Each structure stands twice: as structure tokens, then as C-alpha cells.
Amino acid sequence: MGSYFSYAQVPGNNPANPNDTSITNINADLLNIFSQRQPQKYKVAGIKVTGNKYFDEALLVSVSGINIGDEITIPGGDNFSKAINKLWGQNYFSDVTIYITKLQGTNIYLEINVTERPRLSKFYFEGVPKGQSDDLKEKTNLVVNRVITENMKRTATDAIKRYYADKGFPLSSVTITQVRDTTLENTAILTFYIDKGKKEKVNDINFIGNTVDADKLKRSLKDTKEMTHLTLHPTDGSGGLAPQQIYTFSQYLHEKGYLTFTKTRKVLSPYVRLKLFSSAKFNAAKYEDDKNKLIDYYNSLGFRDAAIITDSKRLDTARGQMNIDIKVDEGHKYYFGNITWRGNTKYSDSILSVILGIHKGDTYNSELLYKRIGKNVAPEGGDISGLYYDQGYLFFRIDPVETAVYNDTIDFEIRITEGSVATWKNVRITGNEKTKEYVIRRELRTIPGEKFSRSDVVRTNRELATLGFFDQEKIEPVIVPNPEDGTVDVTWKLVEKSSDQLELSAGFGGGIGLTGTLGVTFNNFSIKNIFSKKAWDPLPTGDGQKLSVRFQSNGAAYRSYNVSFTEPWLGGTKRNSLSVSLFDTRFSNAYNPLTLTYNNAAADSSYFRTTGFAIGIAK
């Protein structure tokens, strides 16, 4: 990794031959500096860095932690080893050595010699198509001219393996070669040789210990699906835990399975299985997620104690097919018992029970319970928490508590803390660089002094997105409650986007000539700043007005000019829109019956022209 030495040889000083470096004497004190019996303190009188090509000398001295004037105990001091570790830890050097080059009394002169790692000049991916090679360039995050380290290689290798694992090749392998690039100093070329291996597909998924229909359990596995097959000789689909249970033809006849589609499909499954719209590639990470989804599905059926005891995967390497066995312990199936309410004063028990929509005897489903009371927020609303939030109860809390579990029944007491009604206090807006703040505020339903309402937040979010001035995916209301005074602050974080539109079309017809449309619409225009030179950047914007200019032509037969302006908030207090438009249209009889063609002379002598304007007001 690194080391430190002392130079004891002193080159000669021959005036007649300055290049003469023959040794004329040896400094015995310097030679024995590390082997002396008594430790002695020396002062660093000079530091020189050699071997560096890309890194500044002062920077490397600073990183080493050794400075001129420092005292170093020799032998016994750890200054040199610490300096080497610090430089080595940067991962930029393949070797670091510190030399003591000169000794004058108690003053020592140091040389830090580094060997820089080569930098990346080019990289290639071999053994894969060009399209996948282009994808890997982004996935690996390799950057030309960066120092090549083992961590860089390891990170790139892991990214390549993850990429192919997601594509159904979990056993891919990567071999890296590093070759010196002779065209550039201290650079190297990395080549990644990729062997994708066989693509693994899921052949059969078997459940052991289940009473729930296996097809329903398979549907709960969202990203682990069985492959399509058509064969006269079914293979063993066991995953290794137990022999595969085959639904025989005699069972099919005995149970009169031919009367149902499900049993007919079941008896044909070993021979014919069609999965036309699902991928059967095996992905280990997604499989682990699917096991959690399987338990969630069991919980939704009332099996709240369901668990996967073990699972097994058996790979047929010749075919690249994976068979999976999953052994489950379903436990008991539970049902909702009595549900009581505590702490509610705003709404009666009967109203809350109707909104909850869960009755005694219903299959136990914790996810449904949490959704109905609002613990798991649903976009469509309709939960109990939403009911309170829309009435200003921001500090509302609700907790379902199991009060009794007997046989297969669970009783609940739902405890409510209503709190006080909260009002909006500070309403802030950020991110609007062009759009005026008043244009945004007139769309807000979160008005200072008004009662807090979750539905008003949702509606404001929707109406700000409808404006078209902001990226609707990045509209974010940051809500900060103030329990001490019963108020709530909100900051609307916005990211502006271009909302202008350009319309352009053109064509050429025989005898008609050039046809086309040219139009431009500015959706966040500001007419009051039209005479302000500073506002033209490139056009005056920010007042939420709309300006549209459009030209349309059909050769000599038709042409139209149209300019329109819309103010969506006439007066600035209500949603009363004012629209003004100017237009000029000309229809020409450009057909010449003598020449049987369209021409401008005929159009100029016979035409119908309309010029006018229109004003409209809408609420």
C-alpha cells in the first residue's frame, strides 16, 4: 500500500558535468535514522511531491496532514503511516511512498512519491446487442477521465447484473479487462465481457397447506407469473418441498368438472396454459415482494395470522425454467364482531357506523378498516378522517383498538380525539418566477382566516394544475399545523413550465397552390405590460391572460386572419371572463372555367370578404 524510507546516498557535484549523479558520500545519520536506539524529534523543513500528473502538489500535501514546521518523532511516530493512509484513502493512487531525502541537524526534508491510478479513456460492453449496450452506459454511470478504482469496477459490475436480473437473467456473469491506452498518458480502456446466461422463466408455482384456491393465490403474486406452455409430455413442476399435486382426469370426471370452466382449465393446465399478456421471467427481488403481497391477500380474506413457513425454488438449468413451492400456514379465519365508538361529539355513532360500512359478521380485513377510518388515505376520500378534516378538525385523531378476541371474532372500540377546529393562518407561494402571485392566489381555496378543509387543498391542487402554467406532478402543498394557537400554515411549492402553443401545418395541392395554418397562443400573457420594455422577455407574461394569433390559407381560394384575447378574471374578483377577437376572412372564386385551373387573377376579381370583431362575456 505504501511505505517510508530514508535516502542516505548523496549525489556528487561535478561542475564540469552537471548530469553526473554518481555517489560521492553516504550520510550515516540519515541511513540509521529509523534504527537509532533513542527516539528523537525532528522538524519538517521541506516537503516535495513527485509522481503527480493531475493533482496539485499543495493539495496532496494538505491531504497528507504533514506540514512544514511539524515535529515528528523518529522512530516511534505515526505521522508517516497516517499520511500514507490518508492519501491511499482517496482511491486515486496505486502506491504512496514517503522518503526522507535530507537531514540537517534536527531538520528533515521529505519527498512524497505517488503513483496515480490510470484514468478511464474508453469502455466497451461485449457479448450484448447495441441497444442493451447503450442502456448499460446509463446504468453503470461510467464517466470518461475518472480515476479507475476497484470500487468503480465493482459498482459497474453490480449495475450490469441488476440490469439483466430485471430482464430474467439472474445468473449473468461479468469479466473485466483493463488495457493501457497508448494514445493518452496514464489512461486505460475497460472492456466488460458479459455472459447473460440462460433466461429463467417460472414454470410452475405450487402452494402447500392452503385451503384458499391456488389460482387466486397465484393472482395475488403481481410480478411472479407462470409461463405459457403447450406440450403432450408435462414435466415435473415441483419446487422440491413436496410432490406436485396433479388434478387427474378421473377426479375431473368424478367431480363433473366438465360443467365448470375452472376445473376444465385445471385439468388441462399441465398440457395447455396460455399467459399471453404477462411476463414469466423470474426476478428474485420482485419475488420477495410478491411473498409479502401473498400475505396481504390472506389478511384481506380474514386470515390475519397467515404466514409463509418456507419456500423452495428448483431450477431446470437445461430449460431455464424455475419451479416454486410455497408452504403456508393460513391460521384461523376471523370476522368482525361488535364495533363501538368513543370520544365522538361532532357526529353520532350511527352516522359514523354508516360511513365505516363494516358490520358484525363481515370478514376481517385490517386494510379495509384502516382505509375506512382514514388511517390509509384514499384519493377518492369518503373516509371518517376526511369527514372531520373537511370540517376543520385538523388535529383529529382516530385509533381502532381490539377489545376482545374470541373464537373467530374480533371486537373493536374506535377511539376518537376530535380536537379544535383549525383555521388557515399563513398561506405562502414559492416557485412562481413569471406568474404573478395574485394570479395564483385567486385560484386558492386555502384563504387565511377560513376553516381548514382537506377537500379545499385537493381542489386547489387540481385548479392550479388546470391553469397549465405549472408542472402538475410537482405541485406540493406543505402543511404545517400550529397546535398552540389552533391554526395551520401552508406553502404552495410550484414549478413553472412553458404553456405556450405553436400550430404549424402546410401542404401543396395541384392547381390550388400552397395551403397551411400558422398559429401561436400565449397562455400566460400580460397585456398591461405590453408597453413596458423590461417586460419583453421575450414577451410580457405573468397575468394569466391568453393571446392567440392565427393565419390560415387554402391557396388563392381562402385565407383568414384571427387575433383573440381573453381575460379570465374580469375585474379580478370573480371568474367572469372577457373575450375579444378580430378577424378578417376572404373566400374567393379562384377557379377559371376557361383554363380549368385556380389562379390569382380569378381570385382578385370574384371574392367575398368578411371583417369584424366580437366581444364575449362569460361567467
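# A tour of the predicted chain

Of the 619 residues in the chain, buried ones make up 36%. The model on screen is a predicted one. Colour the chain by secondary structure to begin: 15 helices and 29 strands appear. Among contacts between residues at least 6 apart in sequence, 60% join residues at least 24 apart. Several of the stops below show such pairings of separate places in the sequence.

## Stop 1: Pro 75

Select Pro 75, in the loop between β5 (71-74) and α3 (79-88). Pro 75 is partly exposed, because its relative accessible area is 22% and the partly exposed class runs between 20% and 50%. Now add Gln 40 to the selection. Gln 40 and Pro 75 are 35 residues apart along the chain, yet their C-alpha atoms are separated by 7.2 Å.

## Stop 2: Arg 117

Move to Arg 117, which is found in the loop between β7 (107-116) and β8 (119-126). Is there a salt bridge here, or what takes the place of one in the view? Arg 117 is buried and has no salt bridge. Glu 150 is the nearest side chain of opposite charge, and it is 5.3 Å away. Show the backbone of Phe 93 as well: its oxygen lies 3.4 Å from a polar atom of the Arg 117 side chain.

To see the surroundings, leave aside the neighbours within four places in sequence. The residues in contact with Arg 117 then include Trp 88, Asn 91, Tyr 92 and Ser 94. Val 147, Ile 148, Thr 149 and Asn 186 are also among them.

## Stop 3: two asparagines in one loop

Go to the loop between α4 (130-140) and α5 (150-166), where Asn 141 lies. Asn 145 is found in the loop between α4 and α5 too. Most residues other than glycine have a negative phi. Asn 141 is not a glycine, but has a positive phi of about 60 degrees. Asn 145, also not a glycine, has a positive phi of about 80 degrees. Asn 141 counts as exposed because its relative accessibility is 56%, and the exposed class begins over 50%. Asn 145, at 43%, counts as partly exposed.

## Stop 4: aromatic rings

Next, show the side chains of Phe, Tyr and Trp. The structure has 18 aromatic pairs. One of them is formed by Tyr 163 and Tyr 164, which meet edge-to-face with 5.0 Å from centre to centre and 85 degrees between the planes. Both Tyr 163 and Tyr 164 are buried.

Then select Tyr 347 and Tyr 388. How are these two rings arranged? Their centres are 5.2 Å apart and their planes stand at 90 degrees, so this pair is edge-to-face. Tyr 347 lies in the loop between β16 (335-342) and α10 (349-356), and Tyr 388 is in helix α12 (residues 384-389), so the pair ties together parts that are 41 residues apart in sequence. Tyr 347 and Tyr 388 are both buried. Extend the selection to Tyr 389, Tyr 393 and Phe 396: ring pairs link these with Tyr 347 and Tyr 388 into a cluster.

Two rings with a charged side chain over the face come next. Lys 196 lies over the face of Phe 169, 5.2 Å from the ring centre. Arg 304 lies over the face of Tyr 334, 5.1 Å from the ring centre.

## Stop 5: salt bridges

Side chains of opposite charge can pair when their charged atoms come close. In this structure there are 22 salt bridges. Start with Glu 226 and Lys 218, which form a salt bridge with the closest N and O atoms 3.1 Å apart. Glu 226 is buried, because its relative accessible area is 6% and the buried class is under 20%.

Now centre the view on Glu 413. Its side chain meets that of Arg 342 in a salt bridge of 3.6 Å, N to O. This pair links distant parts of the chain, since Arg 342 is in strand β16 and Glu 413 in strand β18 (residues 409-417), 71 residues apart. Arg 415 also forms a salt bridge with Glu 413, the closest N and O atoms being 2.6 Å apart. Glu 413 is buried, with a relative accessible area of 17%, while Arg 415 is partly exposed at 36%.

For the last selection, take Glu 443, Arg 445, Arg 459, Glu 463 and Arg 575. A network of salt bridges links these residues.

Note on methods
Residues are numbered from 1 along each chain as its sequence is written. This is a predicted model: local features need pLDDT of at least 70, side-chain atom pairs count only at pLDDT 80 or more; totals for chains, interfaces and linings use all residues. Side-chain values use heavy atoms; hydrogens and water are left out. Rings of Phe, Tyr and Trp (its six-membered ring) pair if their centres lie within 6.5 Å; planes under 30 degrees apart count as stacked, over 60 as edge-to-face and the rest as tilted. Buried means under 20% relative accessible area, exposed over 50%, partly exposed in between (1.4 Å probe, protein chains only). Helices (H or I, at least four residues) and strands (E, at least two) are DSSP runs, numbered from the N terminus. A charge sits over a ring if NZ of Lys or CZ of Arg is within 6 Å of the ring centre and within 35 degrees of the ring normal. Lys and Arg count as positive and Asp and Glu as negative; His and the chain ends are not counted. A salt bridge is a side-chain nitrogen of Lys or Arg within 4 Å of a carboxyl oxygen of Asp or Glu. A polar contact is a pair of N or O atoms within 3.5 Å; within protein, one must be able to donate a hydrogen and the other to accept it, and residues adjacent in sequence count only if both atoms are side-chain atoms. Contact means heavy atoms within 4.5 Å.
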